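Thank you all for making time this morning. I would like to walk through one structure with you, going from strand to strand and then to the rings and a pocket, so please keep the view open as I speak.

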Amino acid sequence: MKSIFFQILFFTSVFTFAQSELKITGTILSQNNSKITHAIDVYLFDGENHLIKSAITQDAKFEFSHLKSGTYHIQVSSDDTAQNEEPFFLEKDKELTIVYQPKSKEIQEVTIAGKRKNFTVENGNITLEVANSQLNKLPTSVDLLAKLPFIRVDANGEGLNFVGKGVPLLYIDHQRVDFTTLSGISVEDIKSVEIIRNPSAKYESEGKAVVKINLKKSRRDGAQLSVSETAMFQKKFSNYLNANFQHKKNKTEWKINAAYNQINHWESNGFDYKVPSENIESDYIIKSITKRPQTIFGASIYQEINENDYITFSVNTNLRPDIGDNNTATNYSENGNFNYTKTLNHQNSNRATINSIFNYNKKLAKIDANIFTGFQYKRESKNVDYDFYNDINNSDYLLNQFRNQHYSGNVYSGRIDGEKKFGEKYILELGGSFTSAETQTDNVTNYVKTLPIEYFKYNFKENNIASYLNFGTTLNKWQLKGGLRMEATRTKGFDIVENAIQIERNYVDWFPNAEITFEQNDKKTFTLNYRRSISRPNYSSLASGGLYGSPYVEYVGNPDLVPTYSNTISFAMNLNKWSVNASVYSSKNATGYTLVYDENSHISKFMMVNFDKDLGASVGLDYPFTWKKWTSQNSLSLNYDKTVDSLAIQKKPTPYLYFSTNNTVALWKYLSLLLDGSYITKRIEGLYEGNAMCLVNLGLTSSVSDFDFTFRYNDVFRQMDYVQKMTYQKIESTGTFYGNTPTLSIAVKYNFGKLRKSNYKENTVNENSNRL
């Protein structure tokens, strides 16, 4: 085993490499050639006068790293003046000495007036600037994600799907989060969003795509308070109130954010299904109307030790009760006997999340290396009480059962990452991590009169230890990078009531990846990428309590779920403003939701299951353009997906088109028209058959002084209903998930105060915390 391991590492080290990048270092001197002791702002621009990076001098020195070969120029500024240096061509690491000459023209603040690229594509990955675009005027971060290319928000507004790649991983800065955490982030705090179609090894082995949200980093001392208020009219009215405060002085920076969202939630779905072997035909619609007041609080502190060393600590909490009624109307026929049943469910739920992170970063300047360590703790809990009543054939409601469900989970994790450079061409990265997770499920079902009380107590534990090695080089116009990751996982599921082990698995996985890039010139780049990845089920999906929908349908978890393994090969080509991408993938044990007929209980259960395999391919085009006052960002892809399972009836797959566009037209100085939308054609993906959807959204936005006003009307044509047809095991089903649209929103934002020279940083520790 050891010899095989070293052979794999040797093979990977020889044939796959990671990219080495250029850097610029410099010193700022006064007119008498002495070092300037006070901090100076330094800006780096490319050959097209686009701002690339900014820095603050420390002891008169600055550094810009991770740069490509090309033309650049530097601007130096302070509170008094701004000074532009001559452009230069960077082809190797460069060291500069700049003599700063204050001029008589005084300025209060440096403003970059040139237009910035708000939509860029590199190696098939898309970056959208939010802070400098009309996307910054959206009322919530969920609305922001709904505007992104290839990202589809679920009809209930509580989940994401990446076209052709399934559920993406979600990051805020370097921290992996879940969808609930995202809801507490103000759009005003977001700098940019990266849509990463080819994740590198630093994003671990989980998932086939990544959506990364980068938060703003202020550069200035002082304090700032921002407040936003959004009124949203859907099928029910909701109100969102958010406040963010941050303070920085010298090397210490701390932040506090709080939100209170009064959400009146509306959600609905329905199924028409048949079980021919049991002579059953049924259709039902379930509708949920609940009050979900969210109280969100977060605090963080960043302490800089010296120029490259720092520590960070942050805590975030989210409390969200959910109280209201779920109503189901069911038509049910079995062996010719027909019943019409109305089911009423009184729901009282309390859900809480707490997440804390500690980071320490150390720069080893003497050997040109860096070490990062971190620890993370996350807890998720949910307690729900249900009362269920049935009215069969209009005979009045009768109490059927009580259910008390308690779920909690704790995840402890830590990691260490090291990086070492060897000259200008080589870089070595290695590290390790551990994760220890434990969840408890405790459910009680009381059938009142007909059956004895049922108890379900289930403990699930998972431990994961991982290590990785990446190595890379640059050879003229070729950039080669690659690596290998090893993960050892142990899981155990124990049924306390039956005193029996239900799940016990021990396995070791290897995840190689490699990337080859050829940069012909500044406008032509070609990239080939391979990656093996894994997607593990959420802990709650493995042992969650069931939701009683009617006497014939339940929504349940599945303790038998196993991870999905995928292999993806992708190609990207950048030609000036045009970007072409293509990919093929195959997955083993793919997951998806479906109805399953339970012969023991004689009911249908809506649950996530593993299918045999999933495969697909896509070819896409991304193109932004600007004409006069019109800015447009567009993405188009042709996709082919096929899900295969021996228990399902297969249909011949059909290719489908996906198109996304985002447009802004400046009508006047303080007023802009917004038009965005997406279109996906009808498609057959082996098991699944989906409907065509055309989503069109309109908006107006205006900025006056420190106020931002935004008016939006989403889903103009009311196309948000998602239909899914399939035949799995004994059930033929057509499911419809109804969208909570159209949506009318009115938002107001206001900022108080200014900041100077913030350096806040935070890295992720646990790559699996969102599985809670």
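Let me begin at a single pair of residues, where Glu419 stands opposite Glu429 in strand S25. Before I go further, please keep in mind that this is a predicted model, and that every value I quote is computed from it.

The strands around that pair are S24 and S25, the latter covering residues 426-446, and they pair in the antiparallel sense over 21 bridges. Between S24 and S25 there is a hairpin with 3 residues between the strands, and in its turn Gly423 has a positive phi of about 70 degrees. On the other side of the story, S24, which spans residues 398-422, also pairs with strand S23, residues 369-392, again in the antiparallel sense and over 22 bridges. Within that second pairing, Glu380 stands opposite Gly409 in S24. The hairpin of S23 and S24 has 5 residues between the strands, and there Asn393 takes a positive phi near 55 degrees. A further contact to look at here is that of Lys420, which lies over the face of Phe422, at 4.4 Å from the ring centre.

From these strands we can move to a pocket, and I would ask: which element gives the most to the lining of the second largest pocket? It is S24, with 7 residues. The space in this pocket comes to about 1,100 Å³, and its lining is made up of 40 residues, of which Arg403, Tyr447, Glu454, Glu554 and Lys605 lie nearest its centre. Besides S24, the elements that give two or more residues to this lining are S25, strand S26 (454-475), S30 and strand S35 (603-610).

Two of those names, S30 and S35, bring us to a sheet. It is an open sheet of 4 strands, in the order S30-S31-S35-S34, and its pairing is mixed. Strand S30 (547-550) and strand S34 (591-598) stand at the edges with a single partner strand each, and therefore one side of each is left without a neighbour in the sheet. From one strand to the next, the twist averages 30 degrees. S30 and strand S31, residues 553-555, run antiparallel and are joined by 3 bridges, and in this pairing Leu547 stands opposite Tyr555 in S31.

Tyr555 returns when we turn to the aromatic rings, since ring pairs link it with Phe271, Tyr284, Tyr593, Phe606, Tyr722 and Phe737 into a cluster. How many aromatic pairs does a search of the whole structure find? The search finds 24. One of these is formed by Phe233 and Phe237, whose ring centres are 5.0 Å apart and whose planes stand at 50 degrees, so the pair is tilted. Phe233 is partly exposed, with a relative accessible area of 37%, and Phe237 is partly exposed with a relative accessible area of 37%. Another tilted pair is that of Trp478 and Phe518, with ring centres 4.9 Å apart and planes at 45 degrees. This pair links distant parts of the chain, as Trp478 is in strand S27 (residues 478-495) and Phe518 is in strand S28 (residues 500-521), 40 residues apart. Both rings belong to residues that count as partly exposed, Trp478 at 43% relative accessibility and Phe518 at 24%. I would also point you to Lys235, whose charged end sits over the ring of Trp266, 4.6 Å from its centre.

Let me go back towards the start of the chain for one more sheet. This one is open, has 3 strands in the order S4-S1-S8, and shows mixed pairing. Which strands stand at its edges? They are strand S4 (61-67) and strand S8 (94-99), and because each has a single partner strand, one side of each is left without a neighbour in the sheet. The twist here averages 20 degrees from one strand to the next. Strand S1, residues 22-29, runs parallel to S8, with 6 bridges joining them, and Leu29 stands opposite Val99 in S8.

I will finish with Asn581, which lies in strand S33, residues 578-588. Is Asn581 buried or exposed? At 11% relative accessibility, Asn581 counts as buried. Asn581 and Ser618 are 37 residues apart in sequence, while in space they are 8.1 Å apart, C-alpha to C-alpha.

Terms used: Residues numbered from 1 in each chain as written. Predicted model: local features only at pLDDT ≥ 70, side-chain atom pairs only at ≥ 80, totals over all residues. Heavy atoms only, no water. Pairing = 2+ DSSP bridges. Axes fitted to C-alpha atoms, helices over the stretch in contact; angles between N-to-C directions. Phe/Tyr/Trp six-rings, centres within 6.5 Å; stacked < 30°, edge-to-face > 60°. Buried < 20%, exposed > 50% of the residue type's maximum accessible area, 1.4 Å probe, protein only. Lys NZ or Arg CZ within 6 Å of the ring centre and 35° of its normal. 1 Å grid on protein atoms, 1.4 Å probe; cavity = no way out; pocket = protein on both sides within 12 Å on 5 of 7 lines; lining within 4 Å. Points joined across faces, edges and corners; volume = space filled by probe spheres on them.
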